[in-house]
Every structure is written in C-alpha cells, then in structure tokens.
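Good morning, and thank you for making time for this presentation. I would ask you to look at the sequence and the structure together while I speak.

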Amino acid sequence: MEIPKSLEIFTPKGLLIMRTTLFFLRRDKNKMATATRNDVVAAVELEISCPICLEDFEEPKCLPNCAHNVCQHCLEGMVRKKKDFIECPECRIESAIPEGGIAAFPKNHLLVRLIERTPGRKEKEAIKEALKTCKVKLEGAETALKEMEDRYDTTRSKAQEIKQKIKSIAENVITKVREHESRILDEIDQKLSQNRNEVTFETHKSNVTELCENATSCIQTIEDIMQNGEVSDLKDLKDALIEELNEFSESLESRKFWANREFTHPFDVSLSNTESVDKFLRDDCSLGNLSITMASDVDLDSATGGEEIPVVSVFSGACFVTPVDVRSIDFSNCGTLIQTVDNLTCGVQNFNPFSVAVARNSGHFVALDEELKHVHIFNEEGEHLKRFRIMYGDLWDIGVSDDNEIVVLNRESNRLLHYDMNGNFKKKFVTPPRQNVKFTSISVDVHGRFVITSGPCYEETREDTEPCILVYHQSGKLSMVFGDEILLSPQKAVFLNGKFFVADSGIESLVVFDKSGNFVKEIAKGCLEHPCSVAADYTHGNLVVCDRGNPAIYIYSQTGEFLHCLQMENIPLQVAFTKNFENLIICFEVDYGKNIQMLTYS
C-alpha cells in the first residue's frame, strides 16, 4: 500500500484549514516503522511556527485561499501596506480581507490545541520569560552603569575645574605678593643707597675704628711710661708725648664731629595700609569658601539598602572624619621581611636611623639620624638617593608634609624645619603656645595638619614639660591643644576616622580622643609595656603600634579590637606605612646600632 506523503484537514463544510507533510520511517521486514519521538517533535515545531516571526503562533489566523496560517499581529503588520487584500507570506496567494479586518479571519483552533500540548512548551515558555526578564535587567544595569560613569566623569570634571581654579588663585596671590614684596624692598634699598652711601659709611667707619685703636694703644703706652719710667726720662719725653697726645686729640675731635653729623638726616620708613593683609592672615589666608553638596543620608540609605557610607568633607583646617574602608585583612603573611636598610645596603657609614616617614605623593621615605644630624632619602624600593645634614638643634622626629616637604622637629627650639627633597632649607615656623611645652614627635594627617606631641623625657617632670597634643594647620596656625589632664608621657599621635590615637608610654596604652580633643577611652591597657610609636592605616582603618618594652608590633582596629601581634627580636623604635598601605617600614635598635626593615602588612 502506498503511504501518503501529505495530510490535508478540512472543516465540516469542506474548508481546507491545514496542509502538512507526514514523516514516516521505512517498513522493516515485519512491520511499518513508527516515527520516533524526536521526529514528531520536530514536525510539530515546524508546523506551529509562524512563517513571519518564526515564533510559536499567537492567535493563528488561517488564510482562506491557501490555508496557510500566520499570527494575527504579524498579519496586522502586513495589512498596513495593503488594505483590501493580503498576500500569503509563504505561497503569495492573495486573500481578501473581511469587513471585520484581520481579526475576522478564522482562528485555527487545532493549531492552538497542538501548541498547548506540544512537549516542553511550558518549560520553553518559562525559560523565555526568564530570558526576557534577564535581558530587561541587563539593559537596566548597563544603562545604570553608563549613567553612573557619566555622573562620575561630571563630578570629577567639576572637581578638577575647581581645583585648577583654586591653584590658579593661589599662584596669582603668591605671584602678586612676591612682586609687591620685591618692589617695596627695592624701593627701600634705593632710597637707602641715595641718602646713605654704604661705601662711604664703611670707609669712614674703618678710618675711625683704626684711629681709636691707635689712640688707645698710645694712651696705654704713655700710662705705662708714667707709672714705671724714671723721672729723668719723663722730663726728656714730655714734649714729644704731649705733642703725640694732642695730635690724637685733634684727630679724634675731627672724627667725632664727622660721626655726629653723618647719617643724621631723617630716614623714617614704615609700612601702612596693611588691614586687608591682616584680615587675609586672620582668615588663614582663605582663598574662598568651599561648598560641597552631597546626597542626604536618606538618599544614601535608599540607594544602598541602608548600608552605612561615610560622608567626607575636607576644608580649611577643620577636623572632619577620615573615610576608611573598614574590612578584614589576612594577616597570615604579615611580618615577612622584604628588605633591610643598613650601613651595607645603603652604602652609608654610621647609619643610625631613629625615625622614619613616608611621602604620600611619591612613595619615597625619609629617615632621621639624630646622632649625626643627617636626613636620608630613599625611593620606594629602599634605594638610597641622597642625604643632607642639619647643622644645629636637637632633632627628634621627622615627617613629610602634603607639599612633599621634609619636616624635621627641633626640640631644642620648638620649631619645625622644612626642607625640599633636595635638602634645600625652605622655612621654619610653628611656635609653642606655652613655655613649658616641648615638641617631642610629629605626624602629618590626611588633611595635611601637623599633630605634635609634647611630653617629659629623661629627667624632666610634668612641671618641666607639659604632656599634651598640639594640632597645627599647614599655615602654622595652632588649631587645638588637648590631653594635658589625661596624658603622662605621649610618644606619638595620629588622627584616624575622626579620632586622635596617642601612644602613651606612661599610661602604657593607646589613649583615644575625639576630634574636639575630648577623652574617649583607652585601648590595649595592660597589654602594652612601652608604646613608643603608632601609625594609622587609612585604607583599612587599623592602628599599628610599636612596643619597645616587649618588644613587639601590635595591630588593633580603630575600635580597640586586637587583630595581630608580631614578636620582634630587636627593639622597634618607629613605624610608618608605605604609600599603598601594603607594607610596614620600621626603625629597629639592633646589636650594632640601628637599621630600617621593610615588612609585609597585608
């Protein structure tokens, strides 16, 4: 029997509604092969797919003249071009559009039921819906990312523009001040040289000085003759001695007359109209009022699901919260020796570093040798670049300012000495507020302020030296003094996340003060024997403490939680972080003197 190759389906009234191809396998020897499940599924999928959108039919409409089926919405898209009839997308046979429009074409219910009963259809629909949702979310995320990048670029651009404006204003102010300074100084020198010739003054001064010296010598000689000489000699020398004395008297009178007349014309010099400059200095040399508008706490909470996000505002010496990313650190490799810097490695004889500090901009670090009064400069890799000597003072500590200037603390004169990275002296300033304050150590916080400790050392008492913390603005203006009623022997102080942390060897703990200088609490009381230095980790919000009494390096969170301890063979003196806060730079006291070691941190 011949197997049919196609199937045609008609309505009870004889209307052809479907024509499809049948797929059969060949007969085997005993029976006809049946179609496999995969073949049936493939055939069904072919028949339930719209020829236009290639998706499963939605509201399949049967074209009366050819019996092909098309989705209703696909037909409506076609009818916009031709309104009276429609052309079948498969066979091109035209069918007239009923008066009711595309919707009036007969619906193929057989296809609808076939689609509903197609194996895996529900699973496909669920997957399609999930894909659709995921695509929408992906598009939304990409759009949000683009908008975020645009906002970030706009903010950075505005910030850079304002920074450039501030720099330009500052440079103009400095230039104008220097120009005016040079002009009025030249004017003073010019007027002085016109009325008071320096060469003439030096010549006359030299002549008078020489005459006075000769007259003094003559007087002494004659007095010796009168006291020790014979009377007969005096008679013989009388006329000559009197003549010589008279000559000196006449010359001295002449020089006295000249000296009384020379440079007696009035030369009054003063500086007036300095009110605007005085106001400028009283305002901390303010270049303007900076206003930073940020999202409100409500907006931040709604945007981040209620997570706490620190809001930062930094301006003109005020004390603000320092933003840090408080997160856990893996200390499993902490304390691994990376490099040792000593006499041999840096090629410097008698290298005895006592204090160390790091430049945040370049990553270079500087070391102070207080015995030889040398400052050593190293690059990030620990290579010795240069050194220079400070000729005077009792040098106790070292830091690096935000202007990349080396700041050396001179305890003898209570001054901060500023040098550039080439060792050229720049300036000295900062004065203590009271006589019994003696600078002991210095650190530079993230706002560029100088945080200085004052404390008794050696045989000094509290009456000799007042223990306290002093905070100076970059301009040298004293911002605050605190801790005098709490501290005993402060060794080092740092500012982290709105609080001051002071390593006090007398109290044997880290003493915590808020940003206004009010006492908050003590950290590690009973755990530290002689805390001598502390450094702030601005990336993770931790504190690293040197204890020379144990000796050890302790790591605490800013809340006081103990995190890690490194027991040391040698005594640690000072600690600082490298630029990226990944390593520690520590000064050690060793058997043969002192050295610097770079250790891993995180």
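Let me begin with one pair of residues: Asn542 has Ser557 of β26 as its bridge partner. Before I go further, please note that this is a predicted model.

Asn542 belongs to strand β25. Is Asn542 buried or exposed? With a relative accessible area of 5%, Asn542 is buried. Setting aside neighbours within four places in sequence, the residues in contact with Asn542 include Ile329, Phe331 and Leu496, as well as Ile555, Tyr556 and Leu563. Ala535, Ala536 and Asp537 are also among the contacts of Asn542, and so is Tyr601.

The strand around Asn542 deserves a closer look. Strand β25 covers residues 542–547. How many residues of β25 are buried? The count is 6 of the 6, so β25 is largely enclosed by the rest of the structure. Let us take the two faces in turn. In a regular strand, side chains alternate between the two faces of the sheet. On one side of β25 we find Asn542, Val544 and Cys546, and on the other Leu543, Val545 and Asp547; these residues are all buried, and both faces are thus covered.

I turn now to the partners of β25. Strands of a sheet pair through backbone hydrogen bonds, in either a parallel or an antiparallel sense. Strand β24 is joined to β25 by 6 bridges, and the two run antiparallel. Two positions illustrate this pairing. Val534 lies opposite Val545 of β25, and Ser533 lies opposite Cys546 of β25. The hairpin of β24 and β25 has 4 residues between the strands, and in this hairpin Gly541 adopts a positive phi near 80 degrees.

Strand β26, residues 552–557, is likewise joined to β25 by 6 bridges, and these two strands also run antiparallel. There are 4 residues between β25 and β26, which form a hairpin.

Which strands make up the whole sheet, and in what order? The sheet is open, has 4 strands, and follows the order β24-β25-β26-β27 with antiparallel pairing. At its edges stand β24 (531–537) and β27 (562–567); each has a single partner strand, so one side of each is left without a neighbour in the sheet. From one strand to the next, the twist averages 20 degrees.

We met Tyr601 among the contacts of Asn542, and I should like to return to Tyr601. Tyr601 is located in the segment after β30 (593–600). Its relative accessibility is 1%, and Tyr601 therefore counts as buried. Which side chains make polar contacts with that of Tyr601? One of them is the side chain of Asp537, at 2.8 Å. Another is the side chain of Asn542, where the polar contact is 3.3 Å. Tyr601 also lies 17 residues along the chain from Leu584, and the C-alpha atoms of the two are separated by 6.0 Å.

A further sheet may be described in similar terms. It is an open sheet of 4 strands, in the order β20-β21-β22-β23, and its pairing is antiparallel. Its edge strands are β20 (490–496) and β23 (519–523), each of which pairs on one side only. The twist in this sheet averages 20 degrees from one strand to the next. Strand β22, residues 509–514, pairs with β23 in the antiparallel sense over 4 bridges. Within that pairing, Phe513 is placed opposite Phe519 of β23.

Let us move to an earlier part of the chain, and to helix α2, residues 72–79. The buried residues of α2 are Gln72, Cys74, Leu75 and Val79. Where do these residues sit around the helix axis? They cover an arc of only 160 degrees, which puts them on the same side of α2. Three strands receive the packing of these buried residues: β3 (60–62), β4 (69–71) and β5 (85–87).

I conclude with the cysteines. How many disulfides does the structure hold? The number is 0. Cys71 takes part in no disulfide, and its nearest cysteine sulfur, that of Cys50, is 3.7 Å away. A disulfide would require the two sulfur atoms to be within 2.5 Å. Cys88 is likewise in no disulfide, with the sulfur of Cys91 the nearest at 3.6 Å. Cys71 is buried, with a relative accessible area of 0%, and Cys88 is buried with a relative accessible area of 0%.

How values were computed
Residues numbered from 1 in each chain as written. Predicted model: local features only at pLDDT ≥ 70, side-chain atom pairs only at ≥ 80, totals over all residues. Heavy atoms only, no water. Buried < 20%, exposed > 50% of the residue type's maximum accessible area, 1.4 Å probe, protein only. Arc of directions from axis to C-beta. Contact = heavy atoms within 4.5 Å. Pairing = 2+ DSSP bridges. Axes fitted to C-alpha atoms, helices over the stretch in contact; angles between N-to-C directions. Polar contact = N/O pair within 3.5 Å; in protein donor to acceptor, adjacent residues only side chain to side chain.
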